[in-house]
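These are notes on one structure, set out as numbered points. Please read them with the sequence and the coordinates open.

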Amino acid sequence: MFSAALGSVSAYSFLSQFCSTIASRVDVNFQQIVQKKRNCFVRHSHRAGGFVGLSKNQSAGAAVITATSSASVAIGAALEVQEIRERSNKWQWNQYSINYFVSHYQPSQQQSQSSSNPPIVLLVHGFGASIPHWRRNISTLSQYSTVYAIDLLGFGASDKPAGFAYTMETWAHLILDFVDQVIKKPTVLVGNSVGSLACVIAASDSSRNLVQGLVLLNCAGGMNNKAIVDDWRIKLLLPLLWLVDFLLKQRGIASVLFERVKQRDSLRNILLSVYGNKESVDEDLIDIIVEPANDEGALDAFVSIVTGPPGPSPVQLMPRVSVPVLILWGDEDPFTPLDGPVGRYFSKLSMEFPNVSLFVLKGVGHCPHDDRPELVHQKLLPWLAQLQRPAL
């Protein structure tokens with residue numbers, strides 16, 4: 001869909017940038033405040049031997065470490081965006097057309113054939129992104145698993161129905177139905193940002209036994225800012241956020257603002273603030289976000305997501321998730337930082353639940369899989385290797 005111009009950041013995250021775009025006279029430099037506080041936090045963590053890279057839960061066997069390992073993995077070439085689009089398929093979900101992609105298990109010559117029953121993986125993008133956002137991951141993961149990727153309703157090449165009321169629960173149902181009807185086998189869900197939260201909701205539904213494992217890449221706290229009311233950053237901007245909600249409900253104003261934010265220069269600046277590795281912000285990435293933003297229904301989807309209900313909190317859901325969980329978190333994320341309420345919650349999970357492992361990725365922003373894919377693969381692939389898909 002659009003949309004969010006943040007290539008897979010949550011709608012809440014987008015608002016901080018969106019507000020600075022429409023309120024240039026407001027004497028608040030949100031990004032500088034966030035960066036300054038985060039830098040202070042990271043320095044303190046290193047001095048104190050804190051959880052960024054140094055603490056370990058011996059009883060649960062779950063470590064919170066900074067990902068700097070040089071573990072050997074076979075790295076596949078990035079797929080071309082056009083190839084992904086040409087090889088994508090359509091699936092009818094209710095009355096809507098959902099776009100998806102599949103790359104079947106193709107072990108490299110260097111790969112051991114001992115894994116005769118590897119897990120199946122489903123990749124779920126974040127706010128504003130789509131399947132091609134995984135272009136740097138699919139080939140590598142396919143050497144270890146069969147890989148599916150999906151465009152959520154309202155995003156990418158999936159339908160963007162006019163007047164549709166988007167919710168986190170709708171996306172979670174879509175994910176579960178896709179696993180049930182298309183994949184037809186228990187699946188490991190891998191999500192980024194708001195896609196992570198949709199995966200958490202899906203995994204917390206134990207009644208269908210469709211989820212084998214869960215991988216969260218900088219999980220969002222909600223579909224939009226309404227979920228993060230206890231974050232000092234949101235409190236600082238609350239009056240402006242209320243104004244944004246009001247303006248977005250005025251069709252003419254929303255259209256003008258939407259057109260301005262999805263301009264290539266605006267998107268590039270936003271993405272540069274989101275990524276730790278600036279070289280990953282290339283023209284392909286901007287195209288991945290811009291093209292769906294021009295579709296009919298993209299504006300409606302954007303407004304509905306930003307102004308709608310935030311959905312259930314991961315704090316309520318994670319205790320209900322019993323499958324193995326891998327959490328990978330970029331430590332330079334300005335939108336769900338480690339010292340924010342969402343980051344603090346997830347940073348403690350591996351200390352409390354034996355099924356949860358957490359790795360902090362150094363020098364990485366909000367979209368780890370695209371920002372520094374090699375760091376993600378170093379942690380994700382060994383974890384997947386431990387999950388042999390149950391024979392049916």
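1. Two strands are taken to pair if DSSP finds at least two bridges between them. The model is a predicted one. In the pairing of β3 and β4, W91 has I98 of β4 as its bridge partner. Five bridges connect β3 with β4, and the two strands run antiparallel.

2. β4 also pairs on to β6. Strand β6 covers residues 146–150, and four bridges join β4 to it in an antiparallel arrangement. Within this pairing, S103 stands opposite V147 in β6.

3. Is β4 mostly covered or exposed? Eight of its eight residues are buried, so by the cut-off of under 20% relative accessible area the strand is mostly covered. Y96, I98, Y100 and V102 point one way from β4. S97, N99, F101 and S103 point the other way, and the residues of both sets are buried. I98, the partner of W91, therefore belongs to a set of buried residues pointing one way from the strand.

4. The turn between these strands deserves a look at its backbone. Most residues other than glycine have a negative phi. N94 has a positive phi near 55° and is not a glycine. N94 sits in the loop between β3 (89–93) and β4 (96–103). That hairpin has two residues between the strands, and N94 is where the positive phi occurs. With a relative accessibility of 57%, N94 counts as exposed.

5. A second positive phi is found at S193, about 60°, again in a residue that is not a glycine. S193 lies in the loop between β7 (187–192) and α6 (194–203). Is S193 buried or exposed? Its relative accessible area is 0%, so S193 is buried. N94, by contrast, is exposed at 57%.

6. Next, the charged pairs. Side chains of opposite charge can pair when their charged atoms come close. The count of salt bridges in the model is 13. One of them joins the side chains of E259 and K262, with an N to O distance of 3.1 Å. E259 is partly exposed at a relative accessible area of 38%, whereas K262, at 8%, counts as buried.

7. Which residues are linked in a network of salt bridges? The network consists of R264, D265, R268, E283 and D287. Within it, the side chains of D287 and R264 meet at 2.7 Å, N to O. D287 lies in helix α10 (residues 283–293) and R264 in helix α9 (residues 264–274), so this salt bridge ties together parts that are 23 residues apart in sequence. D287 is partly exposed, with a relative accessibility of 30%. R264 is also partly exposed, at 30%.

8. Another salt bridge of the network is formed by D265 and R268, at 2.9 Å from N to O. Both residues lie in helix α9, three residues apart, which is about one turn of the helix. D265 counts as exposed at 55% relative accessibility, while R268, at 23%, counts as partly exposed.

9. Turning to the aromatic side chains: a pair of aromatic rings is described by the distance of the centres and the angle of the planes. The model has eleven aromatic pairs. In the pair of F258 and F302, the ring centres are 5.3 Å apart and the planes stand at 35°, so the pair is tilted. F258 belongs to helix α8 (residues 251–261) and F302 to helix α11 (residues 298–307), so the pair ties together parts that are 44 residues apart in sequence. F258 and F302 are both buried.

10. Ring pairs also link Y96, F127, F155, F164, Y166 and W171 into a cluster. Y96 connects this point with the third one, since it is among the buried residues of β4 and points one way from the strand along with I98, Y100 and V102.

11. Finally, one contact in the later part of the chain. V360 lies in strand β10 (residues 356–361). Its relative accessibility is 1%, so V360 counts as buried. The C-alpha atoms of V360 and W329 are separated by 4.9 Å, although the two residues are 31 residues apart along the chain.

Technical notes. Residues are numbered from 1 along each chain as its sequence is written. This is a predicted model: local features need pLDDT of at least 70, side-chain atom pairs count only at pLDDT 80 or more; totals for chains, interfaces and linings use all residues. Side-chain values use heavy atoms; hydrogens and water are left out. A salt bridge is a side-chain nitrogen of Lys or Arg within 4 Å of a carboxyl oxygen of Asp or Glu. Buried means under 20% relative accessible area, exposed over 50%, partly exposed in between (1.4 Å probe, protein chains only). Rings of Phe, Tyr and Trp (its six-membered ring) pair if their centres lie within 6.5 Å; planes under 30 degrees apart count as stacked, over 60 as edge-to-face and the rest as tilted.
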